[in-house]
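Hi,

Here is the structure I promised to pass on. Have a look at it first, and my notes are underneath.

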Amino acid sequence: MEFRFFEIYRSSEYLLLLAKGAGVSASLAIGGGLVGFLLATLLAVSRYAEVPVLGRISAAYVEFIRNTPLIVQLFFVAFGLPLLLGYSWPFWAHALLALTLNFSAYFAEILRAGFSSIPSGQLEAGAALGIRKATIFRKVVFPQAVAAMYPSLNSQFIFLFLTTGVIAEIGVTDLTHAGLYIDSRTFRSFEVFTALTVIYIVMALSFKAVLNAIYRSAFKWRTVR
Amino acid sequence: MSAGPKISARNVAKTYGDMTVLERLNLDVEEGAFCTIVGASGCGKSTFLRMLLSQETPSRGRIELDGAPLPGEPTSDRGIVFQKYSVFPHLTVEDNLILAREFERSRLFGRSFGSSRKAARAEIDDTLEKIGLGSARLKYPAQLSGGMQQRLAIAQALLKRPKVLLLDEPFGALDPGIRADMHDLLLGLWEELQMTVFMVTHDIREAFKLGTRILVFDKIRHDPQAPDAYGATITYDLPLTRKDAGPPPELAGLAMNADTSTGASA
């Protein structure tokens, strides 16, 4: 068997397709990650603070998302909900919404664990200084919890990034989509999916490096000695 | 300022469900006193401090501050230092103190601007100097020794300018040498700021060295059928002069016990 990497990727058309796909995958993962984190914070806070009704709803939501497949959620958002609510967005917007909802549930569960991991002595110390509860949460619990859970959030994000390949199924031209397209044109599956694998690895490792750099600068207090 | 006692407790009891921790507690403490509190683990010393701070409320009886019932929540007139977890690990020394000032900000201004911020900074500088942390203001607690961390905790408590300072085994985790330094620091602050101090300690020598008055908490009523029915109370309440070399004979046995007892106190 002969490999034809050069023949395939000589064509700038395919290279461009892969680059664009990588850009789409990265953008949607970052967008879903950021908005998902904000949503997760609201979910986790409402449970941690035991907000009546809202806390229950957020618990149910997290369970619902974590116990259904991403691809089903994706189809639901892309094809189910539009029929019910009568909206029609571009493919990428459906994907972004589905990813955001999916990410938020996983992040929320990690954050909630982080909030409960803060020693009660820290809360007491804040209360003893006469600081209001909301301020204690914002300035004492939240930053420490995010720092403590950062490695988990980090690896969860990478994992979720790698699952974004399914958005190709609803026609979003992401990296996986680009690979499938090139494969259908060339039938050189080995070369195509080798390239895809390498690109995904490089991207995942790059995300990791960036996230680690953010950790070191944002949470200096955990690394200084 | 009233002429009566700074703090008075009348027939105070604290129960958790069926368990009595403290009972029949009566006490009048003059302004400016340095009360050291000793006793075996789990006999309610810390509970008493937390009641003085308003983090707990007495189940029966009442505690008065300057002749008025204690406020329902911690206020700026009382500060506390715990053995650990008092400082915030994610903030620099300086930011720890700025956060400690949130108290005033949230109540008076909402936010501090311009001149008040400048004044806050000057006050923080002043406190850092006083407490010996001037050179560490940009460090994180993890970069400080245990003694320095407790200095920071004391500085936090002092920023509220409390008239009553509550200390819950503040030096329990420190080396003996550092402890002696902290004693000097604390006595200096006590004299300078004219505070009334309550200090729980397991170190009986420390109690005699620092206190102007020693309170011994002990459980003297026992019902073998119901071990939780009775709580501890103040069994000895002795004035001290600083010349006392050590515990008087009647407390010698207790001194041994207290000296060796370790672990969490209730």
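Below is what turned up, starting with the conventions and then the pocket, the cavity and one helix.

This is a predicted model, where local features need pLDDT of at least 70, side-chain atom pairs count only at pLDDT 80 or more, and totals for chains, interfaces and linings use all residues. Residues are numbered from 1 along each chain as its sequence is written, chains are lettered from A and ligands numbered from 1 in the order written, and side-chain values use heavy atoms, without hydrogens and water.

The largest pocket (an open set of points on a 1 Å grid over the protein atoms alone, with protein on both sides within 12 Å along at least five of seven lines) has a volume of about 460 Å³ (the space filled by 1.4 Å probe spheres set on the points, which are joined across faces, edges and corners). Its lining (residues with an atom within 4 Å of a point) has 16 residues, with Leu34(A), Tyr150(A), Phe157(A), Leu211(A) and Ile214(A) nearest the centre. Helices α2, α7 (133-163) and α9 (189-218) of chain A each give two or more of them (helices are DSSP runs of H or I, at least four residues; strands are E, at least two; both are numbered from the N terminus).

There is one cavity of 30 Å³ or more in the whole structure (a cavity being a set of points where the 1.4 Å probe fits but cannot get out). About 80 Å³ of space lies in it, and α5(B) gives the largest share of the lining, three residues.

Finally, α2(A) is followed by Glu50(A), with a positive phi near 50°.

Enjoy exploring!
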